[in-house]
Amino acid sequence: MALLLEQVKKLYDAGLLSNIRITAGMVLSALSQCRTTDPQSMATQCQLLVYYADSIYENQEYKRAEKYYQSALQLKKNLVKKKYRPPSSTPVVSEVDVRYKIYLCQMKLKDYKSAQKTLDDIPPKQRTPQITMCLAKLYHKMGVERPAIACYKDVLRSCPLALEAAMGLLELGQSATEVTSLMTVCLPSIGNLEWLLTWLKAYSLKTTSKFTKAAQQFKTLEAQHLRDNVDILCSLAECHWQSGDSNNAKALYKR
């Protein structure tokens, strides 16, 4: 069985996911005929389930992929209960990674409530900044503001230049001063941050619908620091559009 897993892993490492969809599917069907409680066999089956689910996800069969990820997760839990320690040469399925893949399926299926629960079930100490950011955006999307703010702040503490997290905080009513303080405390050794401070001020004005003042800040930022930056130009164009200046907005979008 270990040799089968090794060969499927070769397919996976080579990016041959369409082959895995056929091969791993057949192997799993064969394994289902002989149920076992042997931890090594269970661990192999768990990894095969993840490979198979990955191949189905690649084929955009998100509901089926979720089903097989859930099966892998259940096997992983059973292995943890058995206190199984795999040999160093055996691939180890990460419970956090499987939960994240389940979340991706649920997001594709627009099942946002289940996606939130899937990530919520990951213990906070095991959450990566990526997972915390996903949770923040889910909370934000669902209108659960306090946990969203807490998650965005956690992301910025780990990765102070995670500007999407900063944007989320500003959109949820946090002041530019507070967000700036949170970011700059974690960036003591970086030099001139004038462009970042100007951007935070401009985006804060934009989120509070002060489009004329925001446009002035974005214009200064583009002219003095971030020439021809697409994101800045689009923000500037949006501010002009929202303030009724459609001609300038169109000209900027054309750039």
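**Exercise 1. Classify the accessibility of Asp228 and describe its backbone setting.**

Asp228 is partly exposed, because its relative accessible area is 47% and the class lies between buried (under 20%) and exposed (over 50%), with a 1.4 Å probe and protein chains only. The residue is placed in the loop between α12 (211-224) and α13 (230-242); helices are DSSP runs of H or I with at least four residues, numbered from the N terminus. Although Asp228 is a residue other than glycine, its phi is positive, near 65°.

The model is predicted: local features need pLDDT of at least 70, side-chain atom pairs count only at pLDDT 80 or more, and totals for chains, interfaces and linings use all residues. Residues are numbered from 1 along each chain as its sequence is written, and side-chain values use heavy atoms, without hydrogens and water.

**Exercise 2. Carry out the corresponding analysis for Gln60.**

Gln60 lies in the loop between α3 (39-58) and α4 (62-81). Its phi is positive, about 65°, and Gln60 is not a glycine. With 58% relative accessibility, Gln60 counts as exposed.

**Exercise 3. Determine the geometry of the aromatic pair of Tyr57 and Tyr62.**

The ring centres are 5.1 Å apart and the planes meet at 65°. The pair is therefore edge-to-face, since centres must lie within 6.5 Å and planes over 60 degrees apart. Tyr57 is partly exposed at 22%, whereas Tyr62, at 17%, is buried.

**Exercise 4. List the contacts of Trp199 beyond its neighbours within four places in sequence.**

With contact taken as heavy atoms within 4.5 Å, the partners are Leu163, Ala166, Met167, Phe218, Leu221 and Ile232.

Methods: Rings of Phe, Tyr and Trp (its six-membered ring) pair if their centres lie within 6.5 Å; planes under 30 degrees apart count as stacked, over 60 as edge-to-face and the rest as tilted. Helices (H or I, at least four residues) and strands (E, at least two) are DSSP runs, numbered from the N terminus.
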